[in-house]
Amino acid sequence: MPYQKGEGPSVVIALGGNALGNTPQEQLALVKNTAKHIVDMVGEGVNVVVSHGNGPQVGMINNAFAFAAANDGKTPEMPFPEAGAMSQGYIGYQLSQAILNDMKDRGIHRSTACIVTQTVVDPDDPAFQNPTKPVGAFMSEEEAKAKAEETGWTFKEDAGRGWRQVVASPKPVRIVEFDAIKDLMEAGYIVVSTGGGGVPVFETGDQYEGVPAVIDKDRSSSKLAADFGADMLVILTAVEKVCINYGKPDQVELSTMTVAEAKKYIDEGQFAPGSMLPKVEACIEFVEAHPEGRALITSLECAAAGLEGKTGTVITA
């Protein structure tokens, strides 16, 4: 019996770091709870594509291979794009399995598909001229300089803790596996894709080549949702609503924002650069590219209610 696409809206959900753990064991426990909230939506007929971050996980993989290569003399160093693909694989496996198990428990006749995703980036993106994202193991200045000479990688001192490789964080241009993601969703699958923003690749003619970089997962999710023409982009974080004057006596929770209002708040410095700012920017990019869609920022626990318009912060064109 073929799977049936739900009768509800199409939604791209970007999971925040609080939905995942720092170890495979911790993550396995957390994703079971995450899956329940996603399946709540599926049970209401929502068609879901799930993306996720991978910061701690890709760092763990990178550090493990770097340590082994430096100490056992047998393990090769793992290129950063391959480490990103590995993280997509095991996070996607756990998420897909947890969602599938929960759907089976509820008698929902749907299945999951996990796609290790590549994301095209522009070699001329200014981010490549100023790599800022630390990855991998700490090392001494001498080790870093020797490694830079050997590989051509960029290393920087990191907050007094040692030297680390740094990579660029370019903007996503195109999701390589977009057609496969769309076809699977149209066929009734719950798709896990674009993990960690996707493995960054350069496109030359009809060929792709991995590049050491990190793409913001919210921006890639925004790009995916806009290209797909999703009804809603949902960015999940630790708070129920976006706030202005956050942490101050006059803090205000926002239920709605237009793009113009969001840009005004950004100009006022209302959103922290490493926290809420990239999420709001991703929502702006989505609704500007797809004005018929809406973007929602809320917590995992409030996601289903947010889709019903009962909570969260909704950004519209």
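Helix α2 covers residues 55-71. At 1.5 Å a residue, its 17 residues should span 24 Å. The end C-alpha atoms of α2 lie 24 Å apart in this predicted model, so expected and computed spans agree. Buried positions in α2 are Gln57, Val58, Gly59, Ile61, Asn62 and Ala68. Gly73 follows the helix and has a positive phi, near 70 degrees.

In total, the secondary structure comprises nine helices and 17 strands. The protein has 317 residues, and a compact globule with that number would have a radius of gyration near 20 Å. The value for the model is 20 Å, which agrees. The C-alpha trace spans about 55 × 55 × 40 Å along its principal axes. Of the 317 residues, 50% count as buried. The accessible surface comes to about 14700 Å². Carbon and sulfur atoms account for 51% of that surface. Contacts were also sorted by sequence separation. Among those between residues at least 6 apart in sequence, 73% join residues at least 24 apart.

The largest nonpolar core holds 38 residues. Ile13, Leu15, Val48, Ile99 and Val234 have the most contacts inside this core. Two or more residues each come from β1 (10-15), α1 (24-43), β2 (47-52), α2, α3 (80-106), β9 (190-192), β12 (232-237) and α9 (303-307). Helix α3 gives the largest share, eight residues. Val234 touches Val11, Val12, Ile13 and Ala14. Leu296 and Leu307 are also touched by Val234. These contacts of Val234 leave out residues up to four places away in sequence. A second core, separate from the largest one, has 35 residues. Its members include Ile175, Ala225, Ile235 and Met257.

Cysteine pairing was examined last. A disulfide is a covalent bond between the sulfur atoms of two cysteines. With a cut-off of 2.5 Å between sulfur atoms, the count comes to zero disulfides. Cys283 is in no disulfide. The cysteine sulfur nearest to that of Cys283 belongs to Cys243 and is 15 Å away. Cys283 has 0% relative accessibility and therefore counts as buried. For Cys302, the closest cysteine sulfur is likewise in Cys243. The separation there is 12 Å, so the two sulfurs are too far apart for a bond. Cys302 is also buried, with a relative accessible area of 16%.

Note on methods:
Residues numbered from 1 in each chain as written. Predicted model: local features only at pLDDT ≥ 70, side-chain atom pairs only at ≥ 80, totals over all residues. Heavy atoms only, no water. Buried < 20%, exposed > 50% of the residue type's maximum accessible area, 1.4 Å probe, protein only. Helix = DSSP H or I, 4+ residues; strand = E, 2+ residues; numbered from the N terminus. Expected span 1.5 Å × (residues − 1). Rg over C-alpha atoms; globule rule 2.2 N^0.38 Å. Contact = heavy atoms within 4.5 Å. Areas by Shrake-Rupley, 256 points an atom, 1.4 Å probe, with all protein chains shown as cover. Core = buried A, V, L, I, M, F, W, Y, C linked by side-chain atoms within 4.5 Å.
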